[in-house]
Amino acid sequence: MRNKVSIIGAGMTGSTTAHWLADKEIADLVLVDIVEGMPQGKALDLQEALPVVGKDVRITGSNEFEATAGSDIIVITAGLARKPGMSRDDLLSANADIVRNATQETIRYSPNAIFIVLTNPLDVMAYLTLKVAGVPSNRVVGQAGVLDSARMRAFVSLELGISVENIHCYVLGGHGDEMVPLTRASNVAGIPLDEMLPAERLEAIVERTRKGGGEIVSLLKTGSAYYAPAAAIAQMVDAILKDRHMILPAAAYLNGEYGLKDIFFGVPTQLGRDGVEKIHEYSLNNEEMAALQKSAAGVAENIAKLKL
Ligand code: APR
């Protein structure tokens, strides 16, 4: 029997995630959205593309959560996206209601599923999902670090004219402008990044990475990024379904790691069939630790607003 992945929210990110996943041919897919006909139409369109690219998976769209029954993974992208001038935090109360509902409805039909949360503000929405689903913390993970790190990798690759595959960057912390690009651990084919780039270029790349989401929002004007966020989700789904034990930066529930407790936060997570198998810890210097604490304080403040 094939794996089943359900994507809640068939908007830009949800449907693009389905696109990347269909191409990986690793699961049957279900798209759920509140807009009538839209998830059905997108699913059918994608299904009709598969003979061209030679992939055999079943893709269905629905307005009913029942269609998600028996999913191995639930991806939550439902919610509002940012408009120019908005921060991710501005989305909090509207998206909390949507994510709460999506979690309650999907856990009923897929009690063993692993949740990947994308809706912003991401770290807070992942926390909400965990509490509402009432599942062990290894079964909820938030997508942010893969995207933030990919942005940094893309900028370094463009700057140096070296393949993205040689470039390894790690971004920790909350998915906001206080995120912590870990330049000390980043490298190009093993050569430390600060030996490949002058300090001011590196600083500019770090800054552009922090503001990477906002850069896209101000260009698009009507929504936020979706190709790269969706590709990041697809990589996480792949790591989980194939039980790859792959270490990816992602938002995980912390219980003392990095000196933080009862919070979702971007850290190196090891992903496999059980979801978050392990959280790996860098030995951070004082400066990095201080940046991490600052980012965590912002996330904790927003979690408190949920009044759970
Ligand atoms: N149940 C199911 N789907 C819903 C619900 C709900 N209760 N409420 C809204 N949606 C759907 C909308 O109908 C829409 O199709 O969620 C979809 C969101 O899609 P887009 O508006 O295209 O937004 P997108 O760019 O995909 O971003 C979604 O991901 O990156 C984050 O900040 C972003 O929080 C935002 C989310």
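A pocket, as the word is used here, is an open set of grid points where a 1.4 Å probe fits, with protein on both sides within 12 Å along at least five of seven lines, and its lining residues are those with an atom within 4 Å of a point. Keep that in mind as you look around this predicted model.

**Stop 1: the largest pocket**

Select Thr77, Ala78, Gly79, Leu80 and Ala81. Among the 42 residues that line the largest pocket, these five lie nearest its centre. The volume of this pocket is about 850 Å³.

Now colour domain 1 (4-142) and domain 2 (145-306) in two shades. Why does the largest pocket lie between them? Both domains give residues to its lining, so the pocket sits between the two.

Next, show some helices. Helix 1, helix 3 (92-109), helix 5 (145-160) and helix 8 (212-220) each supply at least two residues of this lining. If you colour the lining by class, you will find 21 nonpolar, 16 polar and 5 charged residues.

**Stop 2: the ligand**

Select the ligand and the residues around it. Which of the 20 residues around the ligand come nearest? They are Met12, Thr13, Asp33, Leu80 and Asn120. You have already met Leu80, as one of the residues nearest the centre of the largest pocket.

Zoom in on three side chains, one after another:

- Asp33: a polar atom of this side chain is 2.6 Å from an oxygen atom of the ligand.
- Thr13: here a polar side-chain atom is 2.8 Å from a ligand oxygen atom.
- Asn95: a polar atom of its side chain lies 3.5 Å from an oxygen atom of the ligand.

**Stop 3: a cis peptide bond**

Stay with Asn120 and step along to Pro121. The peptide bond from Asn120 to Pro121 is cis, and its omega is near -5°. To place Pro121 in the fold, find the loop between strand 5 (114-117) and helix 4 (122-133).

**Stop 4: helix 1 and what follows it**

Select Ser15, which you will find in helix 1. Is Ser15 buried or exposed? Its relative accessibility is 16%, and because buried means under 20%, Ser15 counts as buried. Show the backbone of Gly11 as well: the backbone oxygen of Gly11 is 2.6 Å from a polar atom of the Ser15 side chain.

Follow the chain on to Glu25, in the loop between helix 1 (12-24) and strand 2 (28-32). Glu25 is not a glycine, yet its phi is positive, at about 55°. With 35% relative accessibility, Glu25 counts as partly exposed.

**Stop 5: another positive phi**

Jump to Asp262, which belongs to strand 13 (residues 261-272). Asp262 also has a positive phi of about 55° although it is not a glycine. The relative accessible area of Asp262 is 37%, so this residue is partly exposed.

**Stop 6: the second largest pocket**

Select Val146, Ala150, Arg153, Ala231 and Gln235. These are the residues nearest the centre of the second largest pocket, which has 25 lining residues. The volume here is about 650 Å³.

Which helix gives the largest share of this lining? Helix 9 does, with 7 residues. At least two residues each come from helix 1, helix 5, strand 7 (167-168), helix 9 (227-241) and strand 12 (246-255). By class, the lining has 17 nonpolar, 3 polar and 5 charged residues.

Turn your two domain colours back on. Domain 1 and domain 2 both contribute to the lining of the second largest pocket, so this pocket also lies between them.

**Stop 7: two residues in loops**

Select Gly223, in the loop between helix 8 and helix 9. Gly223 has a relative accessible area of 12%, so it is buried. Try your viewer's distance tool on Gly223 and Glu66: their C-alpha atoms are separated by 29 Å, and the two residues are 157 residues apart along the chain.

Finish at Lys83, in the loop between strand 4 (73-76) and helix 3. Lys83 counts as partly exposed, at 43% relative accessibility. For a last pair, add Asn3: the C-alpha atoms of Lys83 and Asn3 are 35 Å apart, with their positions 80 residues apart along the chain.

Conventions:
Residues numbered from 1 in each chain as written. Predicted model: local features only at pLDDT ≥ 70, side-chain atom pairs only at ≥ 80, totals over all residues. Heavy atoms only, no water. Helix = DSSP H or I, 4+ residues; strand = E, 2+ residues; numbered from the N terminus. Buried < 20%, exposed > 50% of the residue type's maximum accessible area, 1.4 Å probe, protein only. 1 Å grid on protein atoms, 1.4 Å probe; cavity = no way out; pocket = protein on both sides within 12 Å on 5 of 7 lines; lining within 4 Å. Points joined across faces, edges and corners; volume = space filled by probe spheres on them. Nonpolar A, V, L, I, M, F, W, Y, C, P; charged D, E, K, R; others polar. Domains from an automatic or database assignment. Near = heavy atom within 4 Å. Polar contact = N/O pair within 3.5 Å; in protein donor to acceptor, adjacent residues only side chain to side chain.
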